[in-house]
Amino acid sequence: MAGTRKAAVAVVLGALALTATACNDNSDSAGRNAAPAAPATAAAVTTQAAPPVKVSPAVFLEQVTKKTGAAKSAKVTEDITIGSITMKADGAMGWDGGLQGDMTMDLSGTPNAEKMTESMGSTAFVYRFVPDGMYMKLGGEALKASDGRHWVHIGFDDVAKLKGGAAGGAGTSDQFKKADPVEGVRTLIASGAVSEVGQETVNGKPATHYTGVLNVANMAKANGGLTTEQVDQLKKSLAAMGITSETIDVWVDADQLVVKRTEQADTKAGAMKVTVTYSDYGTAVNTTAPDRSDTIEITELAKLGKNAAGTDS
């Protein structure tokens, strides 16, 4: 029984590591989710579907952060590839006053998928995001390991405490959630050299494609609405994954809303590509935290797993 509990806890921690790598940073949500004020030179585009005069892509994208931020929510889909690992997710996310939402992630294309089914009852993992972290729904042996509590709570600070273990190491807390499209645009602007690729079609509608390369060595010079602390967090996050540079692409529709974002880089685990699409802006998102009596903290669950390992064989 103890061995089964230990295995179930290991699966939960492993799934957390994969999810944290696939998703993105918003951990300083109180200060970061308010879109930065656009430069004065962007004032002429505030009420237009596209810039009436040719302005720099960075200036235009500053305005995009305002329009996208004001939309407050959207339906989101993600496709993630890291080396031979594939993950898919979909749900709805809101970013008004902190990230919140519900996502289901398919981890059937990951290592130990069979063990996940044994320990969790499925490879489809259900998550709830709230401003202070996220909750993952438990099933199978993991539900027994939590003494029948259906949700495990992972606070952003908890990930840092777990670094070096199954949860993934330094910088993992910075990888929780780039599901917020405002953050995706800011990261692109922070590359310091944004260029317009041209008009393309996304989900059957016209969109303008922008691209840039985020280079760790040049990141300190970036001025795309990120604070010094946020730049430092990005540098640590990329370094922890073995990333020296990252190609970021964003597609913006005629309403100045982000409809697609991709990130590509070489990592310690192999080539990474993350594709996120956004639709149905303004969709209702009313996510709340599960009842405390039905929740176990990730640190407590990890401790139960260690104790089980030492009591029985």
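Helix 3 is mostly covered in this predicted model, with 11 of its 15 residues buried. Helix 7 (residues 181-189) goes further into the structure's interior in the sense that nine of its nine residues are buried, so it is largely enclosed by the rest of the structure. An open sheet of 12 strands, with mixed pairing, completes the picture given here.

**Helix 3**
- Helix 3 (residues 57-71) reaches 21 Å from its first C-alpha to its last, which is close to the 21 Å expected at 1.5 Å a residue.
- Among its buried residues are Pro57, Val59, Phe60, Leu61 and Glu62, and the list also includes Thr68, Gly69 and Ala71.
- These buried residues pack against strand 1 (73-82), helix 7, strand 7, strand 8 (205-215), strand 9 (245-252) and strand 10.
- Just after helix 3, Lys72 takes a positive phi of about 75 degrees.

**Helix 7**
- The buried residues of helix 7 include the charged-type names Glu183 and Arg186 alongside Pro181, Val182, Gly184, Val185, Thr187, Leu188 and Ile189.

**The sheet**
- The strands follow the order 7-8-9-10-11-1-2-3-4-5-6-12, and the edges are formed by strand 7 (195-202) and strand 12 (295-297), each of which pairs on one side only.
- From one strand to the next, the twist averages 20 degrees.
- Strand 10 (residues 258-267) and strand 11 (residues 270-279) run antiparallel and are joined by eight bridges, with Gln264 standing opposite Lys273 in strand 11.
- Helix 4 (residues 113-120) packs on the sheet, where it touches strand 3 (100-109), strand 4 (124-130) and strand 5 (133-137), and its direction makes about 125 degrees with that of strand 3.

Terms used. Residues numbered from 1 in each chain as written. Predicted model: local features only at pLDDT ≥ 70, side-chain atom pairs only at ≥ 80, totals over all residues. Heavy atoms only, no water. Buried < 20%, exposed > 50% of the residue type's maximum accessible area, 1.4 Å probe, protein only. Helix = DSSP H or I, 4+ residues; strand = E, 2+ residues; numbered from the N terminus. Pairing = 2+ DSSP bridges. Axes fitted to C-alpha atoms, helices over the stretch in contact; angles between N-to-C directions. Contact = heavy atoms within 4.5 Å. Expected span 1.5 Å × (residues − 1).
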